[in-house]
Every structure is written in C-alpha cells, then in structure tokens.
Amino acid sequence: VLVNSIMFLPSWAVTSKIAIQGALIREEREYLGDPGVVVTNRQTREDTLKTARIGVVYTPLRYIDLTLSYEKGDRRSNQFLNDYDYESWFGSLRLRF
C-alpha cells in the first residue's frame, strides 16, 4: 500500500489542567500489491480518507489524564461498495506512575 497523507494537529492549553486538541487528516491510499490468488484485469484500488477530530484533555493531577474526543470521517474508493462515512466518540483515562 502506497500512502500519501497530510495532517494538521493543533493543540491549545486553555489552562494548566485543560487542553483542546484537534486533527484534520487526508490520506490517499493506492493498493499496489498483488495477492497472487486470482489473476484479473481489475484496476488498482485507490481510496481517499478524510478525518476530522476534536478532543478535550483534562488533567486534574499531574499523573491523571481524562480524554473525551469526537471524530468524523469518510472513505471514498474507486471499488464498488468500499465507500463509508462514520462518526465516533472516544473516552479514556490514563494513569502515569
């Protein structure tokens, strides 16, 4: 798989305990490999993925991080039935020691 991508990953420390993070990502994937199972004249699969993410990190103590983020994305492909859109929420708790 040949991947070309560009990302923009901003972060802003609103206070010493709260940070806002974001991401804008665009990827183009070209599937160059040949599985060698079936010989076909199909064109090479090419996908374009776009992702946007926003998140908040809360650090009540130096060794604890609480994160909540929302992500929305889509994939477009030149192959039939490989397109999709998605939305997801993610939460985590990280303890450092």
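This is a short conversation about how some labels for this predicted model are reached.

Biologist: What is the average pLDDT of the chain?
Modeller: The chain averages 93, and 92% of the residues score at least 70. Among the elements, strand β1 (residues 2–8) has the lowest mean, 96, and β6 the highest, 98.

Biologist: What makes β5 and β6 a pair of strands?
Modeller: Pairing needs at least two bridges. Strand β5 (residues 64–77) and β6 have twelve, in the antiparallel sense. Therefore they count as paired. One of the partnerships joins Thr67 to Ser92 in β6.

Biologist: How many residues of β6 are buried?
Modeller: Zero of the twelve residues in β6 (residues 84–95) are buried. The strand is hardly covered.

Biologist: Why is Leu81 called exposed?
Modeller: Exposed means over 50% relative accessible area. Leu81 has 71%, so it counts as exposed. Leu81 lies in the loop between β5 and β6. Six residues separate the two strands of that hairpin.

Biologist: What is notable about the phi of Leu81?
Modeller: Its phi is positive, about 65 degrees, although Leu81 is not a glycine. Most residues other than glycine have a negative phi.

Biologist: Why is Glu27 called buried?
Modeller: The cut-off is under 20%. Glu27 has 17% relative accessibility, so it counts as buried. Glu27 is in strand β3 (residues 18–30).

Biologist: Which residues does Glu27 contact, leaving aside neighbours within four places in sequence?
Modeller: Val3, Asn4, Ser5, Asp47, Thr48 and Leu49.

Biologist: How do you know that Glu27 and Arg29 make a polar contact?
Modeller: Their side chains are joined at 2.9 Å. The limit is 3.5 Å, so the distance fits.

Biologist: And Glu28, why is it called partly exposed?
Modeller: Glu28 has a relative accessible area of 35%. That value falls between 20% and 50%, so partly exposed is the label. Glu28 is also found in strand β3. Its side chain makes a polar contact of 3.0 Å with that of Arg26.

Biologist: Which residues does Glu28 touch, and how far is Val14?
Modeller: Not counting residues up to four places away in sequence, Glu28 touches Leu2, Val3, Asn4, Asp47 and Thr48. Val14 is 14 residues from Glu28 in sequence and 33 Å away in space, C-alpha to C-alpha.

Biologist: How many aromatic pairs does the whole structure have?
Modeller: Two. One of them is Tyr70 with Trp89, at 4.9 Å centre to centre and 50 degrees between the planes. This pair links distant parts of the chain: Tyr70 is in β5 and Trp89 in β6, 19 residues apart.

Biologist: Why is the pair of Tyr84 and Tyr86 called tilted?
Modeller: Its planes stand at 45 degrees. Stacked needs under 30 and edge-to-face over 60, so tilted remains. The centres are 6.2 Å apart, and the limit for a pair is 6.5 Å.

Biologist: Which labels do the four rings get for accessibility?
Modeller: Trp89 has 63% and is exposed. Tyr70 is partly exposed at 22%. Tyr84 is partly exposed at 35%. Tyr86 is partly exposed at 25%.

Biologist: How do you know that Arg45 sits over the face of Tyr31?
Modeller: Arg45 is 4.3 Å from the ring centre. The distance limit is 6 Å, so Arg45 meets it. Arg45 lies over the face of the Tyr31 ring.

How values were computed: Residues numbered from 1 in each chain as written. Predicted model: local features only at pLDDT ≥ 70, side-chain atom pairs only at ≥ 80, totals over all residues. Heavy atoms only, no water. Buried < 20%, exposed > 50% of the residue type's maximum accessible area, 1.4 Å probe, protein only. Helix = DSSP H or I, 4+ residues; strand = E, 2+ residues; numbered from the N terminus. Polar contact = N/O pair within 3.5 Å; in protein donor to acceptor, adjacent residues only side chain to side chain. Contact = heavy atoms within 4.5 Å. pLDDT = per-residue confidence, 0-100. Phe/Tyr/Trp six-rings, centres within 6.5 Å; stacked < 30°, edge-to-face > 60°. Lys NZ or Arg CZ within 6 Å of the ring centre and 35° of its normal.
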